[in-house]
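Here is a short report for someone meeting this structure for the first time. Keep the view open while reading.

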Amino acid sequence: MESTVFLSQNKLTGITPEMVHWVESILPQETHPERAQSFLLSRLALKQALESVMGQAAPLEKLILTNHHQLRFYPDYFVSLTHTKEAAMAWVRTTRGHGIDLERVD
């Protein structure tokens with residue numbers, strides 16, 4: 001099973017203060033606001049993709065990567081994340097060996 005989700009920054013709604021606080025608690029204090037936004041966008045894409053594959057809710061606070069492609073709380077799933085300041089994409093699979101990358105074309 002697999003799922004791929006693409007999210008665009010300009011279409012994103014529903015950001016709560018709790019989500020912002022969660023990002024601030026994970027990233028270094030000196031993180032640029034645009035970097036924090038793209039981090040959150042990538043995790044929201046990951047949340048949607050993982051929920052699609054699992055068929056159940058996945059809280060943001062449990063979306064912690066233990067290495068570049070595996071989740072601490074969901075070790076049976078492998079992920080690839082990519083983001084720019086305008087968009088993010090997440091790919092979730094039940095098998096290893098994949099990767100995605102977003103690039104601007106302008």
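## The sheet

Strands β2 and β3 pair in the antiparallel sense over six bridges. This is a predicted model, in which local features need pLDDT of at least 70 and side-chain atom pairs count only at pLDDT 80 or more, while totals for chains, interfaces and linings use all residues. Residues are numbered from 1 along each chain as its sequence is written, and side-chain values use heavy atoms, with hydrogens and water left out.

Some terms come first. Helices (H or I, at least four residues) and strands (E, at least two) are DSSP runs, numbered from the N terminus. Two strands pair if DSSP finds at least two bridges between them.

A second pairing involves β1 and β3, antiparallel over seven bridges. Three strands thus make up an open sheet, in the order β1-β3-β2, with antiparallel pairing. Its edge strands are β1 (2-8) and β2, each of which pairs on one side only. From one strand to the next, the twist averages 10°. Strands of a sheet pair through backbone hydrogen bonds, either parallel or antiparallel.

Which residues stand opposite each other? The table gives some partners in β3.

| Residue | Partner in β3 |
|---|---|
| Val5 | Ala90 |
| Phe6 | Met89 |
| Phe78 | Arg93 |
| Ser80 | Trp91 |
| Leu81 | Ala90 |

Ala90 appears twice. It is the partner of Val5 and also of Leu81.

How much of β3 is covered? Six of its seven residues are buried. Buried means under 20% relative accessible area, exposed over 50%, and partly exposed in between (1.4 Å probe, protein chains only). Strand β1 has two faces. Ser3, Val5 and Leu7 form the covered one, whereas Glu2, Thr4, Phe6 and Ser8 form the uncovered one. In a regular strand the side chains alternate between the two faces of the sheet.

## The helix across the sheet

Helix α2 (residues 33-54) has 22 residues. From first C-alpha to last it reaches 31 Å, close to the 32 Å expected at 1.5 Å a residue. That expected span is 1.5 Å times one less than the number of residues. Gly55 follows α2, and its phi is positive, near 75°.

Helix α2 lies across β1, β2 and β3, and runs at about 35° to β3. Axes here are lines fitted to C-alpha atoms, for helices over the stretch in contact, and angles run from 0 to 180 degrees between N-to-C directions. Contact means heavy atoms within 4.5 Å.

## The core

The largest nonpolar core has 26 residues. Such a core is a set of buried Ala, Val, Leu, Ile, Met, Phe, Trp, Tyr and Cys residues joined through side-chain atoms within 4.5 Å. Leu46, Leu50, Leu60, Leu63, Tyr74, Tyr77 and Val92 touch the most other members. The elements that give two or more residues to this core are β1, α1 (17-26), α2 and β3. Helix α2 gives the most, with ten residues. In soluble globular proteins, nonpolar side chains tend to be buried together.

What does Tyr74 touch? Leaving aside neighbours within four places in sequence, Tyr74 is in contact with Leu50, Met54, Ala57, Ala58, Pro59, Lys62 and Leu63.

## The hairpin and the segment after β3

A hairpin joins β2 to β3 through three residues. Thr84 lies in this loop between β2 (78-83) and β3. Is Thr84 buried or exposed? Thr84 is buried, with a relative accessible area of 18%. A polar atom of the Thr84 side chain lies 3.2 Å from the backbone nitrogen of Glu86. Not counting residues up to four places away in sequence, Thr84 touches Ser38 and Leu102.

Lys85 is in the loop between β2 and β3 too. On the same count of residues beyond four places in sequence, Lys85 touches Gln9, Glu34 and Ser38. Lys85 and Glu34 are 51 residues apart in sequence, yet 6.3 Å apart in space, C-alpha to C-alpha.

Gly99 is found in the segment after β3 (87-93). Not counting residues up to four places away in sequence, Gly99 touches Ser80 and Trp91. The C-alpha atoms of Gly99 and Phe78 are separated by 9.8 Å, with the two residues 21 apart along the chain.

Terms used:
Polar contact = N/O pair within 3.5 Å; in protein donor to acceptor, adjacent residues only side chain to side chain.
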